[in-house]
Structure formats: structure tokens, C-alpha cells
Amino acid sequence: MDKIRVGIVGLGGNCHLQHVPGLRRCQGVEITGVVNRRAESTRAAAEKYGIPKTYDHWEQLVTDSDIDAVVIGTWPYLHCPITLAGLEAGKHVLTEARMAASAVEARKMYAASQQHPELVTQIVPSPFGFSGLNVIREMVEAGFLGELREVAALSVNHFLADKETPLHWRQIREFSGVNVLSLGILYEAVSRWVPAAERVLAQTQTFTSRRLNTETNEMAEAEIPDSVQVLGELPGGARSIYHVSGAIHHGPGDQIHLYGSEGTIKYLVSPEDRIFAASQGDSELREVTIPPEKKYSWRVEEDFIDAIRGEGEIRLTDFATGVAYMEFTEAVAESAASGASVEVSGCGT
């Protein structure tokens, strides 16, 4: 395709930060249309970026013959309907993470993508562990860990620690579905190196149950927990622990630990990507350098456009992977609600 015309539904935070600049770096790509939740926001985005077409509703953008590909920057509750409509209209689709509001919706999206193999589908990948993705993958594949025994994954911050912090859209179930904080995208990152969990046992806690909804100027229930802890069973007897919280002051940030019979790898994701490792006989952990040629950098938009032109394929992140982390996320929600361990359904397809 000489020119690829892109329409954006929900030109918000990550679109401003990543998708618009990324698409503009691609040769022969035009951001042709935009539609946001509110008309004034749509107009502002169009004026800021010189986007020629605006719409009253997302359905109009998706069915516009002047659009070749759709970028979905909305909250999770709209990812499924827009994806299904986009594929039906013959559009390539790049959707923001998290994949959907539920595993059922994720499986519908995957099934629709299989019915349209000529169209490219991609989910914005988890940014956790991007820089060292290839280095750790090589270490694991070379047997550095030996037999995998335990995984510990943490993503904790003070985003919701203050009781006066207003209600965020991620705390509204209508918009977020079963997604809790960064659990799904943390799990996606871990799954790049270790097998998927087969069973989970989870608990959650909401420390501040009511917050100010700035849209209505009224107090409202926080429907999504402030904190979640998950125990997981992996194939071969390995175990995993996830601790995800927005209610922690001075916590450890974002970290992923892989423990095996022969070695240990610790990835300190924030405040900067650093890898530490040690074999069984070493006296201490030592930092592992991430060589520039092996460092994985953000090129989501370039990968999407290359795949449309038949010059590459989607690896980060395809719809099958998204289904897998949505199945994990939903199993966690079911376990927390029931107090019992829950089997993670399917294999992502």
C-alpha cells in the first residue's frame, strides 16, 4: 500500500505519547480521522495534529471507506465492539492494552481475527521488561535457570494511596471490566519467559472504598481493588507470586524475579531497566549488561504498519497472547470473589 490511512478512536494519553508520534515516523502513513468521547475533545485532537476528518460516533470512523486501519485508544470496555466492527469493515486493528473487558470478549476478538487472516490485528504490548526482553529470553532458553521453581512479580506504587485521590476510570467496572491495576500487562511480560499459569488463588483489598467522581462531582464506589495478591501453579510444579498494588508508599516498584534450580534472574523494571543474575555457585548477584544491539525498543506503530505492508509479522502482542492474559486476569477475579483456587481456562486460543 502506497499510503495507509489511519483512524484513531480515543486519542488520549498513550496516543499522544506514543501512537501519534510513532505513526508519524512511518513513511506513507496519514492519520486521516479521529473521534473521541466528547465532540470538543475530538475537535481539539484534530486541530492539534492536523487531522482532516472528525466524526460524531466511532461507528462512523470504522465504516469510513477513507480509513484503512483503526487504532483503538479507548478504555477496555470498547475494545471488543470496535475491533469486531473494524474487522467486519475490512480494517486492520491496533488496540490499546488491556485487550478487553473480559475473557469472553477477548475470545470473540481472537475468533474474528481468525476469520479475517488478511487483516492485521495487534494489541499494544506490555512495556514491562522491554529493554531486557531478548537478553532474558536468551538466558532462559540457554538453561541459565535450570528447572524453573518460583516466579515473583511485583508492580506496586502510590497511585491510589491518598484517600483524597479522585476516582480513576480504571476503578469503574463498566469501563475496566475484570482488569485490576497493572496485573494483566505484568502477567503478559512474565509470560514472555515462563509457561502460563494453570491455576490461581487470589485475594484483593480496597483500602479506600469511596472516592470523588470528578465527572459527576459526587462520591462513588471504587469497584476495582486497590491491591491484589495471586498465587499461581505453573506446569512442572513451579509456583508464582504476583503482588500488584496502587496503595503502597515507598514500595519496591516494578520487579520480576525468576528462580530456578541452577540460577536466579532479577529484573528491576523501574525506575530503570536493570538485570541482575547469579548461578548456583556464585556468592552474589551481578548486573547483566543489556547490549545496545539486543536492547528491545518501542516500535509498536512501525511493526503494525510493516505487517500491513507484508514486511513483518506481529509478535508483540498478538491476539492469542492477549486472550491468555485475559483468561489469567478473569481467573484471578473469580478466585478473589469465591475465595477458592480457580483453573485458568484454555491456552489462549
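## Ground rules

Two strands count as paired if DSSP finds at least two bridges between them. Strands themselves are DSSP runs of E with at least two residues, helices are runs of H or I with at least four, and both are numbered from the N terminus.

What you're looking at is a predicted model, where local features need pLDDT of at least 70 and side-chain atom pairs count only at pLDDT 80 or more, while totals for chains, interfaces and linings use all residues. Residues are numbered from 1 along each chain as its sequence is written, and side-chain values use heavy atoms, with hydrogens and water left out.

## The open sheet

Let's start with strand S1, residues 4–9. S1 pairs with strand S2 (residues 29–35) in the parallel sense, over 6 bridges. Strand S4 (residues 69–72) also runs parallel to S1, joined to it by 4 bridges. Val9 makes a handy landmark: Val35 in S2 stands opposite Val9, and so does Ile72 in S4. Of the 6 residues in S1, 5 are buried (under 20% relative accessible area, 1.4 Å probe, protein chains only), so S1 is largely enclosed by the rest of the structure.

Now zoom out. The open sheet has 6 strands with parallel pairing, in the order S3-S2-S1-S4-S5-S6. At its edges stand S3 (53–54) and S6 (121–123); each has a single partner strand, so one side of each lacks a neighbour in the sheet. For S3 that link is with S2, through 2 parallel bridges, and Val34 sits opposite Thr54 there.

## Two helices to find

Helix H1 (residues 13–25) joins S1 and S2 in a right-handed β-α-β unit. Right-handed here means that, with the strands pointing away from you, the path from the first strand over the helix to the second runs clockwise.

Then there's helix H4, residues 79–88. Its buried residues are His79, Cys80, Ile82, Thr83, Gly86 and Leu87. Looking down the axis of H4, they fall within an arc of 170 degrees (taken from the directions from the helix axis to the C-beta atoms), so they line one face of the helix. Just after H4 comes Gly90, with a positive phi of about 85 degrees.

## Over at strand S8

Leu201 belongs to strand S8, residues 199–205. Its relative accessibility is 36%, so Leu201 counts as partly exposed, a label for values between the buried cut-off and the exposed one of over 50%.
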